[in-house]
Amino acid sequence: MAEPQHVPVLAGRVTALLAPALVGPGAVLVDATLGRAGHARALLDACPGLLLIGIDADLAAIEAARELLAPYGDRVTLVHARYDEIPAIVAALPISGPISGPISGPISGPGPPRVMGLLFDLGVSSPQLDDPARGFAYAQDAPLDMRMDRTKDRTAADIVNGYPAAELARVLRDYGEERFARRIADAVVRERSRAPITSTLRLSAIVKDAIPAATRRTGGNPAKRTFQALRIEVNDELGTLRRALPDALGVLAVGGRVVVLAYHSLEDRIVKRELVRLSADPAPPGLPVPARAATAQFRLLTRGAERPDSEEVAGNPRAASARLRAAERIREAA
């Protein structure tokens, strides 16, 4: 059975920002990180004419969403893929009849769908964290896996047992912002020479022992940053986001809107940079209006990154680190 109890982060705000662009009949929303379809269901309910393209790299999420979204029938198309494939997915959809392969759903027509909404809810999902077998959680014993797409080969165990100390330290420093990265990497290399590191609890214990005792007493579980860094490396999360965001924004129609939920500063920095770039006027100041061939393509809908209020965090603690940014396309690229 799929899990209908999943609570989406900032669902009301996401719906309020996207719905104005999705009220027209046949408007298409691309949910780039479908998960358990909490945001998607809220938007399908709020916008009766909406058509959904739901994408997820996790096949388990696609199967759960297929059940959760069954009441919406032919308004839903599901795709097992990474979200850096959005332009190809959208281009492949204007066909009639059932769609074979990794795409399943009904969207058809004479041309590519008119995408009026994009939603990215980044990072690891609650069901992935709650399933010990996936290896994302540092407080439960499980194989060191951390793959969002389990059809891929490389796991966290491959990285922990295969990377040289310097490369492992770089991953922990750059993706986990871990100030004891080299100490942890050296400890991992030392311990794996005795026996391969294959479980989450063993890695957590190694990390804890490598960090000075005074530091361990504050800041939560000392393995948190290491596990974040390994997860990002296993799934190429930041590389995928850097590739995906400009390409995905390129398929958004004029009047369409994008909402991105990020959960740590590394993701949010990439999102901020791209949205600010596209909402800035690149033409030199002082040019007469008719000569301004280059003008801003987007306008920002949020002032900086919005954060959940205390009431939301109390009801959904995993929302605490969320940062929401949104923008609207106001003209095509020059």
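Colleague: Contact means heavy atoms within 4.5 Å, right? Then which residues in H7 meet H8?

Modeller: This is a predicted model, where local features need pLDDT of at least 70 and side-chain atom pairs count only at pLDDT 80 or more, while totals for chains, interfaces and linings use all residues. Residues are numbered from 1 along each chain as its sequence is written, and side-chain values use heavy atoms, leaving out hydrogens and water. On the H7 side they are Ala165, Ala166, Leu168, Ala169, Leu172 and Arg173. They meet Ala181, Arg182, Ile184, Ala185, Asp186, Val188 and Val189 in H8.

Colleague: How many of those are charged?

Modeller: 3 are charged, 10 are nonpolar and none are polar. Ala, Val, Leu, Ile, Met, Phe, Trp, Tyr, Cys and Pro count as nonpolar, Asp, Glu, Lys and Arg as charged, and the others, Gly among them, as polar.

Colleague: At what angle do H7 and H8 cross?

Modeller: Roughly 135 degrees, with the axes of H7 (residues 165-176) and H8 (residues 181-192) coming within 8 Å. Axes are lines fitted to C-alpha atoms over the stretch in contact, and angles run from 0 to 180 degrees between N-to-C directions. H7 is therefore oblique to H8; under 35 degrees would be roughly parallel, over 145 roughly antiparallel, 65 to 115 roughly perpendicular, and the rest is oblique.

Colleague: And what about H9 and H11?

Modeller: H9 (residues 200-210) and H11 (residues 224-235) pack at about 125 degrees, axes 9 Å apart. H9 contributes Thr200, Leu203, Ser204 and Val207, and H11 contributes Thr226, Phe227 and Leu230. That contact has 4 nonpolar, 3 polar and no charged residues.

Colleague: New topic. How many helices and strands does the chain have?

Modeller: 14 helices and 8 strands, taken as DSSP runs numbered from the N terminus (helices H or I, at least four residues; strands E, at least two).

Colleague: What share of the chain is buried?

Modeller: 51% of the 334 residues. Buried means under 20% relative accessible area, exposed over 50%, partly exposed in between (1.4 Å probe, protein chains only).

Colleague: Which residues have the most contacts inside the largest nonpolar core?

Modeller: Ile86, Leu118, Phe120, Leu203 and Val258, in a core of 65 residues. Helix H12 (residues 237-250) gives the most to this core, 6 residues. A nonpolar core is a set of buried Ala, Val, Leu, Ile, Met, Phe, Trp, Tyr and Cys residues joined through side-chain atoms within 4.5 Å.

Colleague: What does Phe120 touch?

Modeller: Leaving aside neighbours within four places in sequence, the contacts of Phe120 include Tyr83, Ile86, Leu245 and Val258.

Note on methods. Contact means heavy atoms within 4.5 Å.
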